[in-house]
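Work through the exercises below with the coordinates open. Each task is followed by a solution in steps.

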Amino acid sequence: MENDIVLKVEDLKVRFYTYEGIVKAIEKVSLFLKEGEILGVVGETGCGKSVTALSVMRLTPHPGRIEDGKIYLKTDDGMVNLMEKDEKYLEKIRGRYISIIFQEPGAALDPLYKIGEQISEALLIHRKVKYYKDALRIVENKLKDEKGSLRKYFLNIEKKILNELIKNPNSLFISIILKLPLLKRIKKLVEEEVKKDVMVLLKSMGFPDPERIINMYPHELSGGMKQRVVIAMALACNPKIMIADEPTTNLDVTIQAQILKLIKELQKRLLSSIIYITHDFGVVAEVCDRVAVMYAGNICELADVHEIFKNPLHPYTRALLESIPRPGKPFKSIPGVIPNLINPPSGCRFHPRCAYATEKCRREVPELIEVKKNHYVACHNVVGG
């Protein structure tokens, strides 16, 4: 595998077992994400963009199941196949190496907890030891200046407990001890250190008054503010990969532009890689480096963003671009409807709507092959060129 690839998906297959039948949602999807790039995943509603993103994180919604495929993620231990890992390992990976910004920020935030508490949770899960060390440093500094014997006695106890927590951060025994009233100060020290990082994070999201925001509940924020909070949660631990699942869908045009600008700025500053899911080619043109075009659970074309717009080779990609409204030109829609994925068409899933379809298209599923340098197409009758 190339050194600059941070995520590689091979032949991903996802099925949903419903009362109506088996939904063949994702069929042998393959894609890769390079270090520091923004990969757009574009297609009609229901084509499998969000399911692919969730499956990459091993969060396939019920009653879905990953039937086959490999998901390689670059970690400190090298490329790891997430399909071979258990849930305990995946919990350590999510948030630290890969995170997601959900489409609906209101659903991603718990209405019963304050904003500061929800962002703090992600930080504490992955950076617990760091905050214990910060608290230990504060206790040690106080010990140097302390002269009273009783106060010194309690500070020494706090120091011992914090040292134990650093050695074994998930100790059940220590966590029970911390609930004792005399030792609650340790918890408060840790919370204060976490709060400092939350404030910095919110400020980087464009909030001028993070002190006020951390004490607010989700219902007190506007849609744009909620989305910024969700982005802050996703970026809390500086993950190498971020998946943005249509983060601007339910926002007005002005706020959409602000969120897109923020995502681009954060990507440059943090040098992270982003999978940006959308159905809007305008957004793709503005933020993405490469594009994967999806149709009915398949990747049909994958190429550089300029190449996609200049020289689309798959009939579906070309039809999508032609359906974008343009001043002075008649609107051109794609004939037909998205197929029922319980009984998808044989061969190429796009053939019932394709003007170039042949008998081979009806019989055989096209493979995603590299027809030009870094330009991959899954089609028996490549158009253009």
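β1 and β4 pair in the antiparallel sense, over eight bridges. The model is a predicted one, and the exercises start from this pair.

**Exercise 1. Work out the strand order of the open sheet that holds β1 and β4, and find its edge strands.**

Step 1. Start with β1 and β4. Look for L7: the residue opposite L7 in β4 is L73.

Step 2. Turn to the other neighbour of β1. Strand β1 covers residues 5-17 and is joined to β2 by eight bridges. The two strands run antiparallel.

Step 3. Check the register between β1 and β2. I5 stands opposite K34 of β2. Y17 stands opposite I22 of β2.

Step 4. Inspect the hairpin of β1 and β2. Four residues lie between the strands. G21 has a positive phi here, near 150 degrees.

Step 5. Write down the order. Four strands make an open sheet, β2-β1-β4-β5, with antiparallel pairing. The edges are β2 (22-34) and β5 (78-81), each paired on one side only. From one strand to the next, the twist averages 10 degrees.

Step 6. Add the helix. Helix α1 (residues 49-56) packs on the sheet and touches β1, β2 and β4 (64-75). The direction of α1 makes about 115 degrees with that of β1.

**Exercise 2. Trace the parallel pairings of β3, β6, β7, β8 and β9.**

In general, strands of a sheet pair through backbone hydrogen bonds, either parallel or antiparallel.

Step 1. Take β6 and β7. They pair in the parallel sense over four bridges. I101 has A244 in β7 as its bridge partner.

Step 2. Go from β7 to β8. Strand β8 spans residues 273-278 and pairs parallel with β7 over five bridges. The partner of I243 in β8 is I275.

Step 3. Go from β8 to β3. Five bridges join these strands, which run parallel. I38 has I274 as its bridge partner in β8.

Step 4. Go from β3 to β9. Strand β9 covers residues 290-295, and four bridges join β3 to β9 in a parallel run. The partner of G40 in β9 is V291.

**Exercise 3. Are the residues of β3 and β7 buried or exposed?**

Step 1. Apply the cut-off: a residue is buried under 20% relative accessible area.

Step 2. Sort β7 by direction. I241, I243 and D245 point one way. M242 and A244 point the other way. All are buried.

Step 3. Draw the conclusion for β7. Five of the five residues of this strand (241-245) are buried, so β7 is largely enclosed by the rest of the structure.

Step 4. Repeat for β3. I38, G40 and V42 point one way, while L39 and V41 point the other. All are buried.

Step 5. Draw the conclusion for β3. Five of the five residues of β3 are buried, so this strand is also largely enclosed by the rest of the structure.

**Exercise 4. Describe the surroundings of E37.**

Step 1. Locate the residue. E37 is in the loop between β2 and β3 (38-42).

Step 2. Classify E37. Its relative accessibility is 7%. E37 therefore counts as buried, since the cut-off for buried is under 20%.

Step 3. List the contacts. Leaving out residues up to four places away in sequence, E37 touches F32, Q267, S272, S273, I274, D289 and R290.

Step 4. Single out the polar contact. The side chains of E37 and R290 make one at 2.6 Å.

**Exercise 5. Which elements each supply at least two residues of the lining of the second largest pocket, and what lines the largest cavity?**

Rolling a probe the size of a water molecule over the atoms shows where empty space is left.

Step 1. Size the pocket. The second largest pocket has about 660 Å³ of space. Of the 23 residues that line it, R94, G95, F102, A122 and M233 are the closest to its centre.

Step 2. Assign the lining to elements. β6 (98-101), α4 (115-145) and α9 (223-235) each supply at least two residues. The largest share, six residues, comes from α4.

Step 3. Turn to the cavities. The structure holds three cavities of 30 Å³ or more. The largest cavity has about 70 Å³ of space.

Step 4. List the lining of the largest cavity. H314, P315, C348, H351, C354, Y356, A357, C361, C379, H380 and N381 line this cavity.

How values were computed. Residues are numbered from 1 along each chain as its sequence is written. This is a predicted model: local features need pLDDT of at least 70, side-chain atom pairs count only at pLDDT 80 or more; totals for chains, interfaces and linings use all residues. Side-chain values use heavy atoms; hydrogens and water are left out. Two strands pair if DSSP finds at least two bridges between them. Axes are lines fitted to C-alpha atoms, for helices over the stretch in contact, and angles run from 0 to 180 degrees between N-to-C directions. Contact means heavy atoms within 4.5 Å. Buried means under 20% relative accessible area, exposed over 50%, partly exposed in between (1.4 Å probe, protein chains only). A polar contact is a pair of N or O atoms within 3.5 Å; within protein, one must be able to donate a hydrogen and the other to accept it, and residues adjacent in sequence count only if both atoms are side-chain atoms. On a 1 Å grid over the protein atoms alone, a cavity is a set of points where a 1.4 Å probe fits but cannot get out, and a pocket is an open set with protein on both sides within 12 Å along at least five of seven lines; lining residues have an atom within 4 Å of a point. Grid points are joined across faces, edges and corners, and a volume is the space filled by probe spheres set on the points.
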